[in-house]
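Work through the following exercises with the sequence and the three-dimensional view side by side, and try each task before reading its solution.

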Amino acid sequence: MSQMKQTNPYIDVPSYALENITESTFALNLGPQHPGTHGVLRIILEMDGEYILKADPVLGYGHRVQEKIAENSTYTQVLPYMGRMDYLGALLYNQAWVCCVEKMCGFEVPERAEHVRVITCELNRIASHLLWYGAFLLDLGGFTPFLHAFSDRERVLDLLEYVTGSRLTYCFFRFGGLFNDVDDHFLQNTMDFVEHLRKSLKSYHELVTGNVIFLNRTENVGTVDHFDARRFGLSGPVVRAMDYDHDVRRIEPYSIYDRFDFDIPVYKESDCLARYHVRLQEFEESLKIIEQAISAIPDGPIRSKVPKIIKPPRGEACMAVETPRGELVVYIVSDGTKTPYRVKYRVPSFSNLSVFAKLAEGTLLADALAILGSLDLVIPEIDR
Amino acid sequence: MKIHEFFADDTANGLMIPLENESEKSGIHDLWQCTPELLEEVALFIWHGPPYFLEMVTAIDQIEDDKIIGVYSFNRFDKTNRIIIHVPVPRDNPVLPTISMIFPGAVWHERETAEFFGITYTNLKDSRRLLLLDDDDPSYNPLRKDFK
């Protein structure tokens, strides 16, 4: 507490718009189409040789006004849109919307449905982290881990396709439960996959973690100041690499996560290497959760009876969910009719990207790409 | 010190009003309404306390009451306690103070809310458009209820 009083609360925030390009500097577009920006993100850089003087992200290339669409649709019609926002962690976005409305209306979810939700969400988290691992190392120049990660990811996508019918933008949860039941074939294959991934993780560590080029490119690169996590609202693996023990599944448990025994990996160094370690350890924690959920899954119905037209009572509600990128908050203001009055999606990548302008100042261009990769952004969720 | 102790005087004067809320159902643990003048004090109080972080800055367009309500949300890192502050301003000239000198992450949130609702944030140095096109005219505010 006393430490907090000594830091001056007021910060002079400069405007990052590029105004003066002098004769010795030039403006470079890390353009909307670029393999290193993971989507349509444009960053205008003011460069002095290879050093970045100022970075200004320009957003909006994928903006679809999801919040206004939600005001004109019923609560059920909004459900497919959630998967399109973050296509890598679509089931978790589904869960945020469905759980928020269930909280407002007081719907109960059967036990079997809760267990299946947890299993599929953790599989989705593993798929997202596998893609992050491949893409991050591809940005740094290593092509081999990308192929290994995607080969494992295909197995996860096959499992999820067997149950949900889609490979990427899932729409599997419904108010009060699930769309489809799972059978023993799925559960057995998932247990086989868990064994397979444990072996793969060992080979990922052998391939990458001690590699001297990788360490030189990620150690002490993109160090975030400790109090910036509070000022910018960072969350997820970015903040767990900064000595903050924050995971929504542990701090504000939703669904049945409080019944499972898993650790939260926390590292202190706040650089790209620490974020890498946090995510690699999260694989193992997700595998633990999947095993416990499969061994505890009961029989029973998968969907409880809910009215055909959902009309939550007047008021507002928030639901926070731990996505692979951080804390997603869905904030619904309802006026008692069948369409929401106002919906706000607080996406983790938006806040995580807002600290990039500060982090990229004074770094080399190659380091800026390493920082972008380690922040694990998905641009459609930023643009909504 | 809790928020209702620190702002006891302002609550008595009617400047800071606790709104009704069931935290189990809504996920919001502290729901308050305050005036725009008190906003900076609230932000300073939240900064100097336990590890709260800025979650979101947004707005609601209440067309029947002729108000736009600015919504500020904060949450904690060590245990959960979501604080949401409502700041109503008149709809024809919505002006709110910025909190970006204490929480620089609010710059992007305020830019987005400003372009969607037409709110002016005083002292916000970077008030360009964020998600919409740069050369749209400033009265193009899609999230207002009377937008055509």
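**Exercise 1. Find how much space lies in the largest pocket of this predicted model, and describe what lines that pocket.**

Solution. Begin with the volume: in this predicted model, the largest pocket holds about 700 Å³ of space. Next, look at the residues around that space, of which 27 form the lining, with A:R314, A:G315, A:E316, A:S334 and B:E20 lying closest to the centre. Then ask which elements these lining residues belong to: at least two residues each come from α4 (90-105), β6 (315-323) and β7 (326-334) of chain A, and likewise from α3 (23-26), β2 (30-34), β3 (52-62), β4 (67-76) and β5 (83-90) of chain B. Within this lining, β6(A) provides the largest share, which is three residues. Finally, sort the lining by class, which gives ten nonpolar, seven polar and ten charged residues.

**Exercise 2. Repeat the analysis for the second largest pocket, and say which element gives the most to its lining.**

Solution. The volume comes first again, and here it is about 560 Å³. The lining consists of 21 residues, and those closest to the centre of the pocket are A:K103, A:P253, A:Y254, A:S255 and A:M319. Two or more lining residues are given by each of α4, α5 (111-140) and β6 of chain A, and also by α3 of chain B. The element that gives the most is α4(A), with three residues. Sorted by class, this lining has seven nonpolar, six polar and eight charged residues.

**Exercise 3. Describe the contact between chain A and chain B, starting from how many residues each chain brings to it.**

Solution. Count the residues first: chain A brings 54 residues to the contact, while chain B brings 59 residues. Then turn to area, where the two chains bury about 4900 Å² between them, with 59% of it on carbon and sulfur atoms. As a third step, look for charged pairs, and you will find six salt bridges between chain A and chain B. One salt bridge to locate in the view joins the side chains of A:E327 and B:R82, at 3.6 Å from N to O. On the side of chain A that touches chain B, the classes are 28 nonpolar, eight polar and 18 charged residues.

**Exercise 4. Why does the salt bridge between A:R325 and A:D86 tie together parts that are far along the chain from each other?**

Solution. Start from the whole structure, in which a search over all chains finds 30 salt bridges. In the pair of A:R325 and A:D86, the closest N and O atoms are 3.0 Å apart. Now place both partners: A:R325 sits in the loop between β6 and β7 of chain A, and A:D86 in the loop between α3 (79-85) and α4 of chain A, so the pair links parts that are 239 residues apart in sequence.

Terms used
Residues numbered from 1 in each chain as written. Chains lettered and ligands numbered in written order. Predicted model: local features only at pLDDT ≥ 70, side-chain atom pairs only at ≥ 80, totals over all residues. Heavy atoms only, no water. Contact = heavy atoms within 4.5 Å. Buried area = accessible area lost by both parts, 1.4 Å probe. Salt bridge = Lys/Arg side-chain N within 4 Å of Asp/Glu carboxyl O. Nonpolar A, V, L, I, M, F, W, Y, C, P; charged D, E, K, R; others polar. 1 Å grid on protein atoms, 1.4 Å probe; cavity = no way out; pocket = protein on both sides within 12 Å on 5 of 7 lines; lining within 4 Å. Points joined across faces, edges and corners; volume = space filled by probe spheres on them. Helix = DSSP H or I, 4+ residues; strand = E, 2+ residues; numbered from the N terminus.
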